[in-house]
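Here is a short tour of one protein model, written with a computational chemist in mind. Have the viewer open and follow along.

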Amino acid sequence: MAFELPPLPYAKDALAPHISEETLEYHYGKHHQTYVTNLNKMVEGTDFENSSLEEVIMNSEAGVFNNSAQIWNHTFYWSSMAPDGGGAPTGEVADAINSAFGSYDTFVEKFKEAATTQFGSGWAWLVDAGSGLEIMKTANADLPMKHNAKALLTIDVWEHAYYIDFRNARPNYIGTFVDSLINWDFVAANMAS
Ligand code: MN
């Protein structure tokens with residue numbers, strides 16, 4: 001059975017003006033779709049053809065790993081954002097953030113630092129590594145499940161994620177993600193899963 005591009009959890013213009021419809025047309029419609037197309041070509045006729053996406057990610061390397069992990073990462077990234085998202089969380093997520101980082105402001109500082117300083121293409125994450133929440137950054141397609149950590153939230157810092165809307169200004173994109181886009185309900189659901 002072929003891998004498929006999962007539907008976006010909102011309309012392509014739902015994150016505007018923060019992230020434009022044009023960005024989602026390219027980032028979801030072209031980049032994410034291409035990872036799906038490439039993976040299906042690569043696994044055709046191999047043992048991975050009938051594996052779950054997670055099984056492929058955990059047992060592959062090189063091109064098969066890169067494309068399978070990027071499918072997973074992007075699906076997770078779309079759900080990490082919501083229209084009218086962002087700002088400080090409440091409830092159990094707020095408690096977990098305060099417990100791990102001392103305050104929401106310190107979490108923001110450390111999350112922004114990780115996302116800004118990931119050199120070149122990659123991702124910044126909020127994860128549960130078994131002893132509370134932590135911030136992680138990964139290069140290229142790498143992801144927390146390869147490091148025994150559970151992903152709770154991610155931001156894509158590949159240039160294709162922000163170049164249309166923010167040009168080279170990665171910090172402005174990261175600030176907008178934190179202030180206006182983070183889907184804390186998704187974080188809460190991941191913490192409870
Ligand atoms: Mn991307």
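The report below looks at a metal site, then a helix, then an annotated domain.

## The manganese site

This is a predicted model, and a good place to begin is its manganese ion. The protein donors are His27 (NE2), His74 (NE2), Asp156 (OD) and His160 (NE2), at 1.9 to 2.1 Å from the manganese ion. Along the chain, these donors follow the spacing H-x46-H-x81-D-x3-H. One pair links distant parts of the chain: His74 belongs to helix α3 (residues 62-79) and Asp156 to strand β3 (residues 150-156), 82 residues apart.

Are these two side chains buried or exposed? His74 has a relative accessible area of 0%, so it counts as buried. Asp156 is also buried, with a relative accessible area of 0%.

## Helix α4 and its two sides

Helix α4 spans residues 91-101, and its buried residues are Val93, Ala94, Ala96, Ile97 and Phe101. Viewed down the axis of α4, the buried residues fall within an arc of 165 degrees, so they line one face of the helix. In general, an α-helix has 3.6 residues a turn, so residues three or four places apart point the same way.

The buried residues of α4 pack against α5 (104-117), β1 (122-128), β2 (133-139) and α8 (184-192). On the other side of α4, Glu92, Asp95 and Ser99 are exposed. After α4 comes Gly102, with a positive phi near 95 degrees.

## The annotated domain

An unreviewed UniProt entry places the feature "domain: Manganese/iron superoxide dismutase C-terminal" at residues 89-189. Over residues 89-189, the chain is 47% helix and 21% strand, and the end C-alpha atoms lie 13 Å apart.

Methods
Residues are numbered from 1 along each chain as its sequence is written. This is a predicted model: local features need pLDDT of at least 70, side-chain atom pairs count only at pLDDT 80 or more; totals for chains, interfaces and linings use all residues. Side-chain values use heavy atoms; hydrogens and water are left out. Buried means under 20% relative accessible area, exposed over 50%, partly exposed in between (1.4 Å probe, protein chains only). Helices (H or I, at least four residues) and strands (E, at least two) are DSSP runs, numbered from the N terminus. The arc is that of the directions from the helix axis to the C-beta atoms. Contact means heavy atoms within 4.5 Å. UniProt positions are given in the numbering used here, feature names are shortened, and annotations may be inferred rather than shown by experiment. Donors are N, O and S atoms within 2.8 Å of the metal (3.2 Å for Na, K and Ca); water is not among the atoms, so sites may look incomplete.
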